[in-house]
Amino acid sequence: MAMAGLYRRILPSPPAVDFASNEGKKLFIDAIQAGTMEGFYKLISYFQTQSEPAYCGLASLSMVLNALAIDPRRKWKGPWRWFDESMLDCCEPLEKVKAEGISFGKVVCLAQCAGAEVEAFRTSQTTVDHFRQFVKRCSVSDSCHVVSSYHRGAFKQTGTGHFSPIGGYHAGSDMVLILDVARFKYPPHWVPLALLWEAMDTVDEKTGQRRGFMLISRPQRDPGLLYTLSCKHESWVGVAKYLMDDVPRLLKSEDVKDMDGVLSILCASLPSDFGKFIQWIAEVRRERDGGTGISEEEKGRLAMKEELLKQVQDTDLFKHIVDFLSSTSCCRRVAVFGGNENLHDIAASVCSQGLEILSGRSGTSGCSCCRETCLKCVNGSSDKPLTVLSATIVNGKNEEKVDMLVPQSLMKLCCGAPDPNNCIRTQPAGSNILTALLLALPPETWSGIKDVKLLEEMHSLVLMDNLPAMLQEEVLHLRRQLYLLKKCQENKGSTMHPARTTSAH
């Protein structure tokens, strides 16, 4: 009886060589003996099939992140932390990826957001010889991996744009092993490196942009604990431009005399969607996963967040910002930082989003709402109480309790009152965010200040050497993200331009 649908495709050979064929096996053995398959072992240990026809970028990335042993710092299922396609949604809603595929720039964004180091190139920015050098570099090590974005047509395969990792290199024949994540369609296969370059050096008809490749490796520093920058909302382009281009220009054009003047210029034109650009990294869990207590690991992370918040609040810059945001003259600007929300409203929103992510439903069209929130305290390290905001999330006929773990110092800031249920404003929490972001701006941001004493004061306030080591790491994390986004915003042909690279099969 004939069945509807397709069962695999025959791999066009040539130009490709099936990995499991006699010729493919010989290439594999030769490459092992030459030492250019070192990255293969980790990749093959975490090789996965994309779960949706347009998930090639997500599958390639989750495979590489797991191979690099990068901790997602959030649970996948049960007690396990593990990268899955459903968790890679910080830069693009999953429903949109499922329907349209994902852009080259958004995959780079996702890799950064997940905590990886990324070097990314469109073919217009480099050469086939440089590409070969990068492939060789990753083939003799298991500390970095190459993900290629290419057009299948160059290999006489069906489909158009596609992402897959490169699993190894055969120097004698100048061929690379593509670990095709569409395993329901084609098996892993060897292709000439020069032909892969031609497949990458194609123009996406929807965008006019060249495809390319990225090198993904473990970061030298841990990702941020408190904050991260997000390009999930398209408004990030305007916010990044404002911070990196407009602020230095405004400071240079105005005759600023004191810190209030600096902050006034910065806040006066701050985009209204700024809150979508910099996000607090929340600790969220389903109650059924975490139980009623807090694990030692969760206590440890909360303790580090507490220490980081204290270090932010101990800076002189934070004190200036608190005074400025507390003044009556800037009440209108406070709303940009969520000044009129209370912590229960924030918890309701965060827990709803968190449950969608933990359930693999992020970005879906289903409606989740929070029926109620309640505050409870549990014992932390050294019997210090820790705050848990528990929310009951309703989705259709189902409801589930979700917890948000809150650093105690943030509770004090947000509430400003002994009874947390009387929380009114989160303005001081906005002071934390603004302090971290100003510290992360490039040092040259302030060079246009004309007043010599004010310029010296500003440089002293943001000087990296004056910050504790842990806060330096947090600031450097945000600064790296800013530079990456600026690269995207500046060059429409750059590696981070969010133009769509079609990923159909």
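Student: What separates arginine 249 and aspartate 246 by about one helical turn?

Tutor: Their spacing in helix α8 (residues 236-253) does: they are three residues apart, so about one helical turn lies between them. Bear in mind that this is a predicted model.

Student: What makes arginine 249 and aspartate 246 a salt bridge?

Tutor: The N to O distance is 3.6 Å. The cut-off is within 4 Å, so the pair qualifies.

Student: Why is aspartate 246 called buried?

Tutor: Its relative accessible area is 14%. Buried means under 20%, so aspartate 246 fits.

Student: Which lysine forms a salt bridge with aspartate 246?

Tutor: Lysine 241 does, with the closest N and O atoms 3.1 Å apart. That value is within 4 Å, so the term applies.

Student: Is lysine 241 buried, exposed or partly exposed, and why?

Tutor: Lysine 241 has a relative accessible area of 36%. Partly exposed lies between 20% and 50%, so that label holds.

Student: How do you know that lysine 42 and aspartate 142 meet in a salt bridge?

Tutor: Their side chains come to 3.5 Å, N to O. This is within 4 Å, so they count.

Student: What parts of the chain does the pair link?

Tutor: Distant ones, 100 residues apart. Lysine 42 sits in helix α2 (residues 40-45), and aspartate 142 in the loop between α6 (128-139) and β5 (144-151).

Student: Why is lysine 42 called partly exposed?

Tutor: Lysine 42 has 34% relative accessibility, between the 20% and 50% limits, so the label follows. Aspartate 142, at 36%, is partly exposed too.

Student: How many salt bridges does a search of the whole structure find?

Tutor: The search finds 13.

How values were computed:
Residues numbered from 1 in each chain as written. Predicted model: local features only at pLDDT ≥ 70, side-chain atom pairs only at ≥ 80, totals over all residues. Heavy atoms only, no water. Helix = DSSP H or I, 4+ residues; strand = E, 2+ residues; numbered from the N terminus. Buried < 20%, exposed > 50% of the residue type's maximum accessible area, 1.4 Å probe, protein only.
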